[in-house]
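This report is meant for someone meeting the structure for the first time. Please look over the sequence and the 3D view before reading on.

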Amino acid sequence: MTREPVLTIRDLHLAFGRWGRKSNVLHGISLHVGAGEKVALVGESGSGKSVTARLAMGLLQESRATHATGSIRFDGIEAVKGGPEIARRRGNRVAMIFQDPTSALNPTFKIRGQFREVLRSAEPRLSDAEADRRAEAALAEVSIPDPARALDSYAFQLSGGMNQRVMIAMALANRPELLIADEPGTALDVTVQAQTLKLMGDLAATRGTAVLLISHNLGVVREFADRVYVIYRGRMVEHATTKQLFAAPRHPYTQALLSAIPKISGGGLPDLPERSPDFERPLIVHEGCGEPAEVV
Amino acid sequence: MNWKFTLPRIGAALIALIGISMLIFAIARVMPGDPARIALGPNATEEQVATLRAERHLDAALPVQYWEFVKALSRGDLGRSLYTNRPVTTDIAQFLPATLELVLVSVIIMVVVGLPLGALSAHFRGRFPDHLGRLIALLGICTPAFVWGVILQLVFGYFYPIFPIEGRLLESTPVPPTVTGFYLIDTLLSGNLSAFGDALHHLILPATALALAGIGQTARLTRSNMIEVYAKPYVEMASAYGFRPWRIATRYAFRPAFIPTLTILGLECAAMLGNAFLVEKVFGWPGISRYGVEVIIRKDLDAIVGTVLIIAAAFLIMNILVDVLVSIINPRIRLSQRKS
Amino acid sequence: MAAPSAPAGGNKPRSKALAAFFGNPLSVLGLAIVTVIVLLSVFADWLTPYPEHVGPIGDFAAMNMPPDETYRLGTDTMGRDLFTRIVYGYQLSLIMAVVVLSIATPVGVVVGLVAGYKGGWIDYALMRITDIFLAVPPLVLAMAIMGFLQPTLMNGMLAITAMWWPWYARLIYNVTRAEAQEGYVLAAETVGASTAHILFREILPNCWPSILTKMTLDIGFVILMASSLSFLGLGVQPPTPDLGSMVAEGAKYMPDAWWLSVWPAIAILIVVLGFNLVGDGLREAFEAES
């Protein structure tokens with residue numbers, strides 16, 4: 001790790017609530033993703049993995065009911081207190097892929113209009129014709145058979161798989177440096193999910209995009225990620241390379257998680273382990289996975 | 001337009017209209033007392049009463065009476081009002097436009113004020129503009145239209161006499177030649193700008209009183225629908241791409257939220273037709289509602305049935321218009337026809 | 001997903017609902033308004049300064065007096081204390097609302113349950129009948145019915161009830177349609193439960209939150225409707241104190257005797273607002289519970 005990571009999260013705390021009734025969601029999360037790296041954040045639902053991604057994207061509405069401390073840095077831009085303002089400042093250098101593609105597209109506009117808007121968020125002065133040309137190219141890149149027709153459709157007219165590709169094409173159209181994928185394609189069938197992962201992997205390899213995959217599916221993580229963070233009830237419990245983690249998990253929670261994977265590899269949700277006091281043990285970091293040098 | 005979506009609605013509306021005519025007809029005939037005697041008053045002779053009974057088939061069985069009524073209706077005959085001693089249709093043609101003008105202006109006020117108020121509330125949810133907006137909406141909903149009428153009259157008619165408190169025009173203003181019956185339009189058609197100003201001046205207070213409840217409902221509904229939409233992934237996605245907040249609010253939150261709001265707006269317009277009765281009484285507005293109250297108090301059967309039917313028809317037409325508008329705005333409905 | 005979840009404690013949702021209700025200052029305000037009005041109405045004979053002013057005769061020495069120390073809200077044209085008459089107006093309004101809803105709600109609920117669950121032609125017939133009542137603005141239908149009847153308290157309640165039940169039918173119909181597809185209903189059908197059992201024991205319990213919320217809101221709206229009718233002169237007749245007719249009567253003496261109509265008008269606003277706030281609070285509480 002010599003270069004500055006694209007995304008660095010340090011000691012992130014988050015609580016919701018008001019009028020003295022606070023509930024803590026994150027207790028000091030730290031992680032980093034470097035250029036060209038594929039990193040996974042694994043945990044069960046409610047563990048805080050999605051909320052971490054949303055905070056990193058500046059998607060949590062700043063309100064009296066949200067209390068976040070710590071640091072989220074993307075290329076020197078601090079995002080913890082930024083909210084939507086941050087999303088605007090860094091423009092399209094960060095993109096996100098959502099769980100359910102169909103509901104992530106506006107039902108009242110055709111794909112064309114939404115695509116133009118995405119492209120113009122990076123280049124406000126783009127002409128309609130040029131935007132459409134780029135949109136078609138981007139759709140062709142994710143192997144959509146008839147890009148012009150897809151552009152003239154509404155999201156509800158396309159299949160889930162098609163929408164997934166549209167969303168990826170939009171995410172990639174402005175060549176982001178960081179891509180956050182929140183359970184991509186879990187709402188869809190396994191084939192689409194596999195295609196999605198392959199596209200994201202190619203992107204990391206060819207363009208050096210940093211990818212952060214949020215998932216609860218260890219099968220997917222094993223196939224996709226270089227490095228894995230395991231999160232349990234708002235705390236990081238283990239950080240290792242994928243090889244290390246699956247060969248020799250050290251944290252009791254991770255061990256329980258792994259032993260719960262069905263032996264037929266390649267998919268299925270593992271039955272999550274029953275809770276145990278052991279799971280509350282502090283973070284275990286494997287060799288070679290230290291935090292990157294402090295960058296100021 | 002998507003006929004597959006619209007036609008069943010028109011059908012259901014027609015069934016409802018037939019149903020309401022039967023219902024109101026039955027109530028009018030089944031009520032205690034001799035309708036002919038009630039209509040003619042205690043001073044009429046037995047002979048006169050008998051003549052009227054024969055004339056109106058009042059001795060026949062109820063279905064026969066209804067059939068006679070429908071036959072007359074198909075000729076455009078709703079009977080005679082005993083209050084004005086004119087055909088009911090003539091009365092309605094005279095009084096209905098004033099009410100429609102009042103209601104339409106109120107609908108415009110409701111939409112122009114209510115939608116932005118709700119959208120602002122949703123956008124600033126949990127903060128001061130939201131609390132203020134919700135308070136205004138709540139006051140609108142909880143206050144009967146006649147209370148607004150009385151309060152507006154007191155404040156802007158008496159304490160600060162900015163607006164006239166009664167009627168559609170000043171006595172000095174000539175009534176414009178009737179084309180549509182809408183003074184705002186008729187005065188313009190006759191090229192009399194000062195009369196137009198006068199008509200507008202008279203409309204503002206009653207239309208505001210009538211609009212306030214609707215503004216509350218509209219704002220409340222827009223707010224809750226928009227808050228629902230704000231939680232949708234596509235709004236998150238728009239924020240993730242860093243679109244301008246204004247753009248997110250209008251194109252990604254307001255537009256999808258507007259479709260379910262519009263459907264309920266139809267119901268609000270209907271409520272306004274009812275509330276117009278209250279406002280017209282407060283402001284001495286010469287509309288169908290004042291006529292309606294008058295004939296109800298006088299037990300003028302034909303006129304009551306006619307008034308209720310015409311209001312039901314206006315209400316159903318409004319609802320169909322809203323449905324058609326929804327089918328045009330909502331691509332999911334608009335396109336469902338092409339697919340099948 | 002098989003995420004381990006804490007076993008739900010029996011009282012937990014209930015206390016969550018209570019916390020949601022009392023955590024909202026507006027709901028508490030509403031509850032306070034409603035409590036005060038209900039207490040005033042129930043104990044009107046003891047709590048009003050001039051209970052004898054409920055009749056046609058008041059204090060002839062003090063007719064049409066603006067608010068002062070003796071008559072806090074002023075007196076009407078017959079010298080009757082406005083505060084006293086407003087409290088008795090509340091009493092009458094609450095009685096009307098309770099009677100109307102205790103008839104309209106069961107009727108509407110049964111129609112909605114049967115139509116929503118049975119489907120087919122029963123559904124079509126019942127819902128078209130419901131639509132007939134919904135095809136006229138509520139106030140107009142109530143007025144028309146009043147037009148054929150004598151303007152008495154009983155007939156007023158009848159007219160309002162007749163136009164109120166369809167709204168419950170619509171509401172419960174929609175809930176039932178959705179619930180009928182749920183697993184627990186299918187399970188009950190599989191073991192051969194009777195229709196009555198499924199409707200009242202399986203589906204109805206799931207409708208209670210919506211029914212209770214709507215009923216609370218509707219107490220306010222029935223009062224609003226009743227006062228609108230009497231404002232038009234089609235409701236309760238004098239000398240019975242009624243908020244709507246008090247506003248109508250007072251409007252004749254505007255602007256000099258403004259108190260005659262302004263106080264009863266504000267009284268209507270307050271009671272409707274109170275029940276609305278409680279109803280909204282209940283809705284939020286039920287949402288927090290589930």
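The text below goes through chain A, chain B, the contacts between chains, and the nonpolar core.

The structure is a predicted model.

## Chain A

Chain A has ten helices and eleven strands. Of its 296 residues, 46% count as buried. Among the contacts in chain A that join residues at least 6 apart in sequence, 67% are between residues at least 24 apart.

Seven strands of chain A form an open sheet, and their order is 6-7-8-3-9-10-11. The pairing in this sheet is mixed. Strand 6 (94-97) and strand 11 (284-285) of chain A are the edge strands, each of which pairs on one side only. Inside the order given above, strand 9 of chain A is followed by strand 10. Strand 9 covers residues 227-232 of chain A and strand 10 covers residues 235-241. Strand 9 and strand 10 of chain A pair in the antiparallel sense, over six bridges. In strand 10 of chain A, Arg235(A) is the bridge partner of Tyr232(A).

## Chain B

Chain B has 14 helices and zero strands. Read along the sequence, the pattern of chain B is α-α-α-α-α-α-α-α-α-α-α-α-α-α. The C-alpha atoms of chain B fill a box of roughly 85 × 60 × 40 Å, taken along the principal axes. Buried residues make up 46% of the 340 residues in chain B. Of the contacts in chain B with a separation of 6 or more, 72% are between residues 24 or more positions apart.

Two kinds of annotation on chain B come from UniProt. An unreviewed entry places the feature "domain: ABC transmembrane type-1" at residues 96-326 of chain B. The annotation "transmembrane region", also from an unreviewed UniProt entry, covers residues 12-31, 102-124, 136-160, 199-216, 257-278 and 303-329 of chain B. The table gives computed values for the "domain" span and for two of the "transmembrane region" spans.

| Span of chain B | Distance between end C-alpha atoms | Helix | Strand |
|---|---|---|---|
| Residues 96-326 | 27 Å | 81% | 0% |
| Residues 199-216 | 26 Å | 100% | 0% |
| Residues 303-329 | 39 Å | 100% | 0% |

Chain B is also divided into domain 1 (3-88) and domain 2 (94-334). The centres of these two domains of chain B, taken over C-alpha atoms, are separated by 32 Å. Where the domains touch, 22 residues of domain 1 of chain B and 22 residues of domain 2 of chain B take part in the contact. On the domain 1 side, helix 1 and helix 2 (35-40) of chain B each supply at least two residues. Helix 1 of chain B gives the most to that side, with twelve residues. By class, the residues of domain 1 of chain B that touch domain 2 divide into 16 nonpolar, four polar and two charged.

## Contacts between chains

How many residues of chain A are in contact with chain B? There are 24 residues of chain A in contact with 18 residues of chain B. Helix 2 (84-89) and helix 3 (111-122) of chain A each supply at least two residues of the side that touches chain B. This side of chain A has twelve nonpolar, eight polar and four charged residues.

The contact of chain B with chain C takes 44 residues from chain B and 37 residues from chain C. Six elements of chain B give two or more residues to the side that touches chain C: helix 1 (3-30), helix 6 (128-142), helix 7 (145-159), helix 11, helix 12 (288-297) and helix 13 (301-329). Helix 1 of chain B gives the most to this side, with ten residues. The residues on the chain B side of the contact with chain C divide into 36 nonpolar, six polar and two charged.

## The nonpolar core

Which residues touch the most other members of the largest nonpolar core? Of the 264 residues in this core, they are Ala142(C), Met143(C) and Val222(C). The largest share of the core comes from helix 11 (residues 245-283) of chain B, with 19 residues. Domain 1 (3-88) and domain 2 (94-334) of chain B both give residues to the core, so the core lies between them.

Leaving aside residues up to four places away in sequence, Ala142(C) touches Ala159(C), Ile160(C), Met163(C), Met225(C) and Leu229(C).

Key
Residues numbered from 1 in each chain as written. Chains lettered and ligands numbered in written order. Predicted model: local features only at pLDDT ≥ 70, side-chain atom pairs only at ≥ 80, totals over all residues. Core = buried A, V, L, I, M, F, W, Y, C linked by C-beta atoms within 7 Å. Buried ≥ 20, exposed ≤ 12 C-beta atoms within 10 Å, placed from the backbone. Helix = DSSP H or I, 4+ residues; strand = E, 2+ residues; numbered from the N terminus. Domains from an automatic or database assignment. Contact = placed C-beta atoms within 7 Å. UniProt positions renumbered as here; feature names shortened; annotations may be inferred. Nonpolar A, V, L, I, M, F, W, Y, C, P; charged D, E, K, R; others polar. Pairing = 2+ DSSP bridges.
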